[in-house]
Amino acid sequence: MKRQLLLCILLCFNLLTWSQKGSIKGRIFNEKTNQPLEFANIIIQGTLIGSTSDLDGNFTFTGVEPGFMRLQVSYIGYQTTVTSEIQVQGNQTAFINIAVPESDFTLDEIVIRPDLFLKKIESPISTLEIGVQEIEKTAGANRDVSKVVQTLPGVGATDPNRNDLIVRGGGPSENVFYLDGVEIPIINHFATQGSSGGAVGIINPDFVREINFYTGAFPANLGYALSSVMDIRQKDGSSDRVHTKLSVGASDAALTIDGPLGKNSSFIVSARQSYLQFLFDFIGLPFLPTYNDFQVKYKTRINQKNELTFIGIGAIDDMALNTDLENPDEGQRYLLSFLPTYEQWNYAVGLVWKHYADTHYDTWVLSRNMLRNKNYKYPNNDQNQPKLSDYESDEAENKIRFERTYPSGPVKIMFGAGLNYAHYTNATLRRIYANNQVNTIIYNTDLNLFSYRAFLQLSDSYLNEDLRVSLGINLMGNTFNQNMSNPLNQISPRLSGSYSLNTKWNINANIGRYSMQPSYTTLGYREISNGPLINQKESLTHVYSNHFITGLEFKPSNNSRITLEGFLKTYDHYPMSVAEGISMASKGTDYGQIGDEAIQSTGKGRAYGLEWLVKIVDWRKSNLSMTYTLFRSEFTDAQGTYRPSSWDTRHLLNLIGSYNIAKSWNIAARWRFVGGQPYTPIDEELSSRKEAWDIRSQPYLDYSQYNGLRLPNATQLDIRIDKEFYFEKWLLNAYVDVQNAYNFKSENAPMYTNTDENGTTQTDPNDSDRYILRSVRSVGGTVLPTIGIIIKF
């Protein structure tokens with residue numbers, strides 16, 4: 001009887017999941033004029049499955065096997081175009097609009113080179129594309145965009161529980177992010193103000209179509225960064241009907257809805273709610289984080305010549321202390337002693353208008369973003385005592401940007417300009433120990449700042465497109481002081497070139513100078529209310545970085561790529577901490593904020609190394625990649641001596657693979673090796689003073705030996721298994737993700753406490769004004785399994 005019942009259940013389940021084919025629909029149009037391209041040929045790359053566009057440029061594929069794929073478009077007089085990656089699921093329709101550029105060559109001159117790794121002429125080197133499959137299936141990432149980026153060559157790793165972006169040895173504050181052309185300053189929950197890191201990514205992966213990640217050769221219109229530019233492109237909403245998607249992952253649950261709004265408009269909207277606070281409370285962690293985020297996109301095609309897109313993204317983050325723990329252990333007591341309570345929210349909204357003319361297209365971007373960051377701390381978490389610190393700050397920016405692009409003609413031309421009005425406020429109470437005494441800093445800041453920028457990029461190809469050259473320049477300025485107000489002081493030229501030795505070998509290179517404005521926390525710092533802005537002096541300047549990059553690229557086939565790149569980055573006018581005598585480049589991976597202190601623009605830095613990438617996609621149902629980076633990262637101290645930065649791990653190795661098993665099973669794995677991270681010994685004489693210790697409940701570092709010690713190397717193996725089930729009107733995707741599968745224990749810098757093993761405070765018997773400090777070994781790493789479920793209907 002049991003066997004018969006089981007057989008019936010399996011039979012019914014097979015009948016429900018019998019229809020597993022999907023479809024693809026889209027529109028093909030002229031990149032320059034937005035006019036539809038009729039009778040264009042479209043094939044699913046790597047197959048003989050083809051289709052043809054109709055008079056309106058629309059096309060349809062039906063009966064498509066589920067999976068990840070790209071489309072290839074060919075049309076006489078136009079360049080052969082390969083799309084970004086799309087995901088086809090059973091009984092679902094995937095939508096994609098394809099812009100096809102005109103060709104500058106006659107028919108007999110055209111050389112068709114369909115390629116999965118096509119690069120923009122402006123950035124032929126140090127540019128990588130992240131597709132949908134990497135976001136959805138990468139082991140250990142849990143569909144977190146920020147964690148997926150950490151698998152790329154040159155991207156370093158800090159705490160595995162954070163999403164700090166450390167690129168080619170630069171600091172975490174040197175990166176810029178764009179969402180559908182709108183600059184957004186924050187992409188992580190519990191963001192570090194003045195930097196780019198955080199705990200969990202804000203970007204909902206259901207929105208992402210592709211990510212172009214630049215670690216050098218920044219296009220002039222995006223190049224206001226020092227280390228990287230992340231250009232995130234979102235999907236349009238479905239045009240057939242309204243779809244609903246429910247996702248439950250490692251730390252949150254999400255609801256995403258997308259669909260049409262009339263004939264020429266679509267939308268996507270989502271909300272996510274975390275449940276980490278319940279899990280952390282259940283397992284007895286000393287802090288309880290809660291986060292929520294919201295995201296929306298609306299796009300409408302007004303007519304053949306005009307498109308309008310609205311995007312919005314926001315987050316609400318709170319982290320309370322779990323002071324109700326019963327019999328906390330030594331590690332829990334240590335964290336509770338110094339962690340503050342965090343309250344933070346942020347949002348960004350943008351309106352993008354795209355106008356197509358006969359010879360060019362214009363893009364107008366109007367946006368606003370705001371961050372409110374608040375944190376406070378009571379002595380011993382006793383709210384009946386005066387606060388040790390109380391911080392609340394607002395950053396708001398209102399931006400307008402114009403870009404015009406001439407994509408075809410004798411030379412490709414792109415130019416534009418932008419304005420930004422920023423309003424920064426800060427109310428700070430902070431007790432510090434300096435000059436052998438306790439001091440209290442209390443101040444309020446209300447800063448208004450205008451900044452401006454302009455850019456020009458010229459690109460052309462020669463020798464039957466074998467030689468491709470692009471020259472760009474941008475400049476920027478602001479009204480903070482006279483030095484920074486002159487845009488000629490921040491002029492930033494860059495030159496890129498690529499030469500095809502043959503159809504498989506390329507030589508690529510870039511040289512450029514880039515500049516970046518100091519953080520608002522630095523610009524608005526005071527030491528007393530109504531006092532002067534401490535850093536508003538002519539010696540405070542923008543930060544500058546010079547890039548020198550060259551590389552060799554080999555493409556054995558259309559689906560494989562091997563690159564070797566060498567890079568050198570030099571820095572000047574880097575912000576230096578006056579109090580500590582170290583570069584701000586080594587800060588920014590703690591919660592809260594950085595930069596709110598006295599600064600001097602006297603620092604220098606250098607980062608140099610080699611990157612090796614091997615990538616094979618769609619090979620016998622598998623995807624394989626290997627990235628290795630050998631590098632050094634050093635910045636000067638107050639005496640001008642180069643010291644290792646906090647990110648100078650020297651070795652970064654990623655081995656990543658996935659295999660698509662029959663019947664919609666997928667298995668993926670990632671193994672990561674990271675060299676030992678530098679750290680600084682403590683100043684025991686200063687740290688043991690009771691007045692000093694009681695201010696922060698943490699030791700003070702010995703900056704004369706800054707980063708003089710090094711931790712052991714660390715490794716981690718992540719494994720993920722996916723299975724998709726297709727039903728008549730809905731689908732189910734279930735996965736298991738195991739991080740740190742073999743339970744590697746990574747060594748951290750030692751903790752110090754002023755108590756014994758039982759939590760009793762220890763006073764030096766020979767000096768009642770000092771504590772006895774005890775070193776406690778700190779080891780991180782545990783097996784972290786996650787079960788995720790995604791339902792779409």
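This is a short dialogue on reading features of a predicted model.

User: Let's start with helix α4. Which of its residues are buried?

Analyst: Buried means under 20% relative accessible area. In α4, residues 276-283, the buried ones are Leu276, Gln277 and Phe280.

User: Why do they count as lining one face of the helix?

Analyst: Look down the axis of α4. The buried residues fall within an arc of 95 degrees, so they line one face.

User: What covers that buried side?

Analyst: The cover includes two strands, β21 (265-274) and β22 (287-303).

User: And which exposed residues sit on the face turned away?

Analyst: Phe278 and Phe282. Both are exposed and lie on the face of α4 turned away from its buried side.

User: What comes just after α4?

Analyst: Glycine 284, with a positive phi of about 85 degrees.

User: How should I read the sign of phi in general?

Analyst: Most residues other than glycine have a negative phi. Now take two cases here that go the other way. Serine 126 has a positive phi of about 60 degrees. Asparagine 327 has a positive phi of about 50 degrees. Neither is a glycine.

User: Where are these two residues placed?

Analyst: Both are in loops. Serine 126 lies between β9 (93-100) and β10 (127-130). Asparagine 327 lies between β23 (306-321) and α5 (330-338).

User: Is serine 126 buried or exposed? And asparagine 327, buried or exposed?

Analyst: Serine 126 is buried, because its relative accessibility is 5%. Asparagine 327 is exposed, because its value is 76%.

User: Now a charged side chain. Is lysine 587 buried or exposed?

Analyst: Lysine 587 counts as buried because its relative accessible area is 17%, and the cut-off is 20%. Its place is the loop between β33 (560-577) and β34 (599-619).

User: Which residues does lysine 587 touch?

Analyst: Leave out residues up to four places away in sequence. Lysine 587 then touches Pro172, Ser577, Glu580, Ile582, Ile594, Glu597 and Trp647.

User: Last, the surface. Which residues make the nonpolar patch?

Analyst: Among them are Phe415, Leu456, Leu458, Leu471, Ile473, Phe548 and Tyr608. The patch covers about 950 Å².

User: Which elements give two or more residues to the patch?

Analyst: Strands β28 (437-462) and β29 (467-478).

User: Show me one patch residue. How accessible is leucine 471?

Analyst: Leucine 471 is in strand β29. Its relative accessibility is 45%, so leucine 471 counts as partly exposed. That class runs between the buried limit of 20% and the exposed limit of 50%.

Terms used: Residues numbered from 1 in each chain as written. Predicted model: local features only at pLDDT ≥ 70, side-chain atom pairs only at ≥ 80, totals over all residues. Heavy atoms only, no water. Patch = residues over 30% accessible without salt bridge, like charges linked within 9 Å, V, L, I, M, F, W, Y side chains within 5 Å. Areas by Shrake-Rupley, 256 points an atom, 1.4 Å probe, with all protein chains shown as cover. Salt bridge = Lys/Arg side-chain N within 4 Å of Asp/Glu carboxyl O. Helix = DSSP H or I, 4+ residues; strand = E, 2+ residues; numbered from the N terminus. Buried < 20%, exposed > 50% of the residue type's maximum accessible area, 1.4 Å probe, protein only. Contact = heavy atoms within 4.5 Å. Arc of directions from axis to C-beta.
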